[in-house]
Amino acid sequence: MPDSAALYRTVRLIRRFEERAVELVRAKQIFGGIHPYTGQEAIAAGTCAALRRDDVITSTHRGHGHVLAKGADPARMMAELLGRATGLNRGRGGSMHAADFAVGILGANAIVGAAAPIATGAAWAARRAGSDRVAVTYFGDGAVSQGVVLEAFNLAALWRAPVIFVCENNGWSTTTRTRDVVAGTVTGRAEAFGIPAEQVDGMDPEAVLAATARAVARARAGAGPALLECLTHRFDAHHTWEHAARPRYRTPEEAQEGRDRDPLLVQGARVPVADRARIDAEIEELMDAAVRFALDAPRPDPATALDHLYADGTAVRAGAA
Ligand SMILES: Cc1ncc(C[n+]2csc(CCOP(=O)(O)OP(=O)(O)O)c2C)c(N)n1
């Protein structure tokens, strides 16, 4: 189990990665923008700290934090955001489609709710293979009325799949207040399928780690799925598009409430000042190197644009006209 300093390091890594990525969006090095994870870092840090390297995760449109916490190389992840050939997925996936099977990242997913059945299937496969590996899937509060999420709950419960559903409840779906559009509760949805569910302080990495460790232990022992509803705050825009458009939907008080519970402060308070300074300096160096690596990397050769689209190259499928 990682100590307080290790959790602080993960939170700090994600925070600085996101801040540097936003700078690169502004510098027009990242095309299309990103969905910053800033403010929600305790969830990725706490959940992934309870996992082994061979456990798997599926992630969302706001997925950089999950991917970094699960162990992807920050330099190759940054190169992926910049669409470079040395990126995690050769620059073809970008911000919302990062995957790295070597460390159990089955993929981020731009379709709201669509990662839940993938993790459920992976968990079911692990159980059938006799392994004690588990799967974690992340989704926002905006996904909790998607049919595919509820279908995943149903099969996970029925087949006792070792999957942990992690709802990152930041209260907003883009600019819509979730409580205006979601009936009932998040935990109530899971409980309706017989899935144990609990609310967790999603701004506290150690609280998230403790809750995840309990759910993982149950899942590894064959007791099936669990749901954690992590209450959190998104500090930045829904998408960097907002930096120019500046839609108004949150009050300054609400923004301040989140900042007061900043996971960097919550976890930082548990780490001696000298250790924090050492970690901060190490992360700065790491991120400088990651940004350099990404900016120096070549873009994919346009002649390879159709590579990796089909299992057999671009050959016509047998039987096709
Ligand atoms: C099926 C589907 N519907 C709509 C969208 C457009 N969309 C992208 S993010 C988003 C809001 C998601 O909110 P939430 O799940 O709470 O996650 P958050 O952005 O707050 O992290 C929407 C509606 C989408 N990507 N997929």
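A polar contact is a pair of N or O atoms within 3.5 Å, where, within protein, one atom must be able to donate a hydrogen and the other to accept it. The exercises below apply this and a few other cut-offs to a predicted model.

**Exercise 1. Where does D262 lie, and which backbone nitrogen lies 2.8 Å from a polar atom of its side chain?**

Solution. Begin with the location: D262 sits in the loop that runs between α10 (252–260) and α11 (263–268). Next take the distance, since the backbone nitrogen of L264 is 2.8 Å from a polar atom of the D262 side chain. Then consider the cover: D262 has a relative accessible area of 9% and is therefore buried, because buried means under 20%. Finally, leaving aside residues up to four places away in sequence, D262 touches R15, M203 and F235.

**Exercise 2. Describe how α4 is covered, what its buried residues pack against, and what is found at its ends.**

Solution. Start with the count, which shows a mostly covered helix in which seven of the eight residues of α4 are buried. These buried residues are P74, A75, M77, M78, A79, E80 and L81. The next step is to ask what covers them, and here the buried residues of α4 pack against α1 (4–26), α3 (64–69) and α12 (273–296). At the N-terminal end, D73 acts as a cap, with a side-chain oxygen 3.0 Å from the backbone nitrogen of A75. Just after the helix, G83 adopts a positive phi of about 70°.

**Exercise 3. Is V103 buried or exposed, and which residues does it touch beyond four places in sequence?**

Solution. First place the residue: V103 belongs to the loop between α4 (74–81) and β2 (105–107). Its relative accessibility is 5%, so V103 counts as buried. Setting aside residues up to four places away in sequence, the contacts of V103 are R53, D55, K70, G71 and A72. For one of these contacts, G71, the separation from V103 is 32 residues in sequence and 6.2 Å in space, taken from C-alpha to C-alpha.

**Exercise 4. How many aromatic pairs does the structure hold, and what is the geometry of the pair formed by W172 and Y249?**

Solution. The structure holds five aromatic pairs. In the one formed by W172 and Y249, the centres are 5.1 Å apart and the planes make an angle of 65°, an edge-to-face arrangement. As W172 lies in strand β5 (residues 172–173) and Y249 in the loop between α9 (241–245) and α10, the pair ties together parts that are 77 residues apart in sequence. Both rings belong to buried residues, for W172 has a relative accessible area of 7% and Y249 one of 17%. Elsewhere, ring pairs join F139, F153, F165 and F193 into a cluster.

**Exercise 5. Which residues make the nonpolar surface patch of about 390 Å², and where does L155 lie?**

Solution. The patch of about 390 Å² is made by W124, L155, L158 and W159. Of these, L155 is located in helix α6 (residues 147–158). With 32% relative accessibility, L155 counts as partly exposed, and it can take part because patch residues need over 30% relative accessible area.

**Exercise 6. What is the phi of K28 and of R246, and are these residues buried or exposed?**

Solution. K28 has a positive phi of about 60° although it is not a glycine, and its place is the loop between α1 and α2 (41–48). R246, also a residue other than glycine, has a positive phi near 50° and lies in the loop between α9 and α10. As for cover, K28 is exposed at a relative accessible area of 62%, and R246 is exposed at 64%.

Conventions: Residues numbered from 1 in each chain as written. Predicted model: local features only at pLDDT ≥ 70, side-chain atom pairs only at ≥ 80, totals over all residues. Heavy atoms only, no water. Patch = residues over 30% accessible without salt bridge, like charges linked within 9 Å, V, L, I, M, F, W, Y side chains within 5 Å. Areas by Shrake-Rupley, 256 points an atom, 1.4 Å probe, with all protein chains shown as cover. Salt bridge = Lys/Arg side-chain N within 4 Å of Asp/Glu carboxyl O. Helix = DSSP H or I, 4+ residues; strand = E, 2+ residues; numbered from the N terminus. Buried < 20%, exposed > 50% of the residue type's maximum accessible area, 1.4 Å probe, protein only. Contact = heavy atoms within 4.5 Å. Phe/Tyr/Trp six-rings, centres within 6.5 Å; stacked < 30°, edge-to-face > 60°.
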